[in-house]
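Open the model in your viewer and keep the selection tool ready. We will make a few stops.

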Amino acid sequence: MDFLPFLVTQCLNALSQAALLFFLGCGLTLIFGIMRIVNFAHGAFFMLGAYVGYSTVHWTGNFWTALIAAPILVGGFGAAFELGILRRLYGRDGHAFLMVTFGLTLVMGEVIRLIWGVEALQVKPPESLSDIVFILDEPFPVYRLFLAGAGIVVALVIWQFLERTRLGLLIRATSQNAEMVHALGTDVRLVRSAVFGIGCGLAGIGGVMAAPLVTASLGMAPNAVIDTFVIVIIGGMGSFLGSLIGAVLVAFVQVFGTYYFPDFALAFMYLIMVTVLVVRPGGLLGKEA
Amino acid sequence: MTGTSGFSRRALLGATLASPVVLRHALGDEPIKIGMPCALTGPGGEVGEQMRRGAEFWIKSVNAKGGLLGRPIQLYAQDTAGDPATAVRKAQDVVERDGCRLLFGMTLSSEALAVVPKLAEWNAIFISSDNGDGRLTGSSFVPNFFRANTSGPMGTRAVALYLRQANFKNFYALGMDYAWGRNSISVFKDEVKKSGKNFIADIYSPIGTQDFSTYITKIRQSGADACYLVLQGDDNNAFLAQAKQYRLGDKVQLLTEIVDLNSIHAVGEAAIGLIGSSRYTFTFPGEANAQFVAAWKKEYGNVPDVFEGEQWQACQVLQAGIEKAGSIEADKLRPALETVEIDSIKGKVTMRACDHQGVQQGFMVKVVRKEGFADPIPELIATFPADQVTPACRQMTYDS
């Protein structure tokens, strides 16, 4: 393989991986920005997305329906969880959120096991995306191109949503000064529920999109959640742009690190995180820097 | 009317005559109790469940025919969660509390290795149906342990023998980055070199790797015509699904240590073309296997998986031993088992007195799409004779 095709396909690999990481990291950072809590259950929502996706594909035979159904169901469940349980805890310190969201991870894991069983489940990419294209004579899966494209589209949509819509404005305002927003007559609690739901919904989309690559399995949550925390810490807790940069950075380091230094690929990711924390303790675009 | 009443009288008479016999039977003949501590939850849970189903199926069919030595069989299954210390405790429970003198189970080799030193003290015989570790019939051998199944070294040996006759010349290897992955690949590397072929390089992916694109790129670039995979669970499924998306199989033959139905079910089409050793699959030839598969389908509605077959074979070995000894006492059963020979679902299996390893054939399978099956199935592509696959007594390596 020549160097140029190698470089191009590796970059595309990294972008497709960055897209998946971004779906997770973006939701986690939005939730942190508004609510100042780390959602430990984020990986479980990602996993739930994959399983809901599996069932939707199973019943309707259509991957695209799954892409719509999963974020709605997973996001709805997230919002309901915020309304029913998290809302009661805002007066307490951070430990309460840690315990409750961690507990939710365990409960969701068990419930998923009871409903869908222990065996990994196959989710096929849609027929139209399961082919390969030749990029500079190197075969490349169409599905990975789709992932990279979907990541870019979703990033643009969220950016425009935060900048241009009224809810986006409220979200930005709440993350800066929740009391002021409240004083101006907006129900901050509703904003919080909406953000928690949107964040979980994004994790749900990520789960559906990841399923054709890794199958829907009970190991998804722990495997995904660590990379996600690294991204959010590198990018800065609460920063949307930071999570985007973090996802791209981590994906490129993993893909190229694994190629050139296979035994140290994981170490590189953490090395970057440590370096960022030393130089800018709040993350690249974090507020506490 | 007369005919009907005559019939009932005869039936009544028969029942009256028979009842004391039934009574004596129930009082005089204690059931044969078999303890089965195995991993029903945790990492080995799926394998443990298969083992239990295999044992339950055998017990049901034996009891339906009036039991063994005229005695019914009872199973005492216990969950060990795959933990060696728990396995010892649960084994002790079934032996001392429930009075079992026969043991199945111990899903993981680490559990079996922890239990075997206690067998003499308990005066219990343990028939393994899945433990792979070569040491159980080698350095850790005890007289009350019998292995009816194909061991780990025997599986690797089948792959090695296959390599010698196959056309592949350049090999690459990808393994999970822990003891099992690194050990298996080092054994494989030696075998490749012994057969005079070229081993290009090995690479290890961290446990829980989600994105295999770079590993796939490296395998493609290496120019290898075959790649040996030592992956399991989620990692194995993720690799196979992604390799299919990159059409890796068009260029490189994927080889693996063990082919099982679960991972085929999880990745579907992506498993097609995979070649590996198999301890058991329902597609094995022979009348005994055909009958077993048919009976299994009738009971469970699907075909038996690897460890359901292996457990069935272990049960057949035990049954032959008990029938030969006419007893379940360890001192009578042990010598009987040492000379047992059965026509199993995997062909002829002979128990060997010197290390209690069941001498049996080795199998290589290829995953193919077959008419009438929802998932792809493993198809037998090579069989190796028992004397080439089974190591010398109490050994785990092969001289040639």
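The tour visits a surface patch, a buried strand residue and a pocket.

This is a predicted model: local features need pLDDT of at least 70, side-chain atom pairs count only at pLDDT 80 or more, and totals for chains, interfaces and linings use all residues. Residues are numbered from 1 along each chain as its sequence is written, chains are lettered from A in the order in which they are written, and side-chain values use heavy atoms, with hydrogens and water left out.

**Stop 1: the patch.** Select Phe3(A), Leu4(A), Leu7(A), Leu136(A), Tyr260(A), Phe261(A) and Phe264(A). They form a nonpolar patch on the surface. Patch members have over 30% relative accessible area and no salt bridge (a Lys or Arg side-chain nitrogen within 4 Å of an Asp or Glu carboxyl oxygen), and nonpolar side chains are joined within 5 Å. Helix H1 (residues 3–35) of chain A gives the most, three residues. Now pick Leu4(A), in helix H1 of chain A. Leu4(A) has a relative accessible area of 53%, so it counts as exposed (over 50%, 1.4 Å probe, protein chains only).

**Stop 2: a strand.** Jump to Val230(B) in strand E8 (residues 226–230) of chain B. Is Val230(B) buried or exposed? Val230(B) is buried (under 20%), because its relative accessible area is 0%. Add Asp98(B): the C-alpha atoms of Val230(B) and Asp98(B) are 40 Å apart.

**Stop 3: the pocket.** The second largest pocket has a volume of about 660 Å³. Of its 26 lining residues, select those closest to its centre: Gln122(A), Val123(A), Lys124(A), Pro125(A) and Glu269(B). A pocket is an open set of points on a 1 Å grid where a 1.4 Å probe fits, with protein on both sides within 12 Å along at least five of seven lines; lining residues have an atom within 4 Å of a point.

Note on methods
Grid points are joined across faces, edges and corners, and a volume is the space filled by probe spheres set on the points. Patches are made of residues with over 30% relative accessible area and no salt bridge: like charges are joined within 9 Å, nonpolar side chains (Val, Leu, Ile, Met, Phe, Trp, Tyr) within 5 Å. Accessible areas come from the Shrake-Rupley method with a 1.4 Å probe; for residues, only the protein chains shown count as cover. Helices (H or I, at least four residues) and strands (E, at least two) are DSSP runs, numbered from the N terminus.
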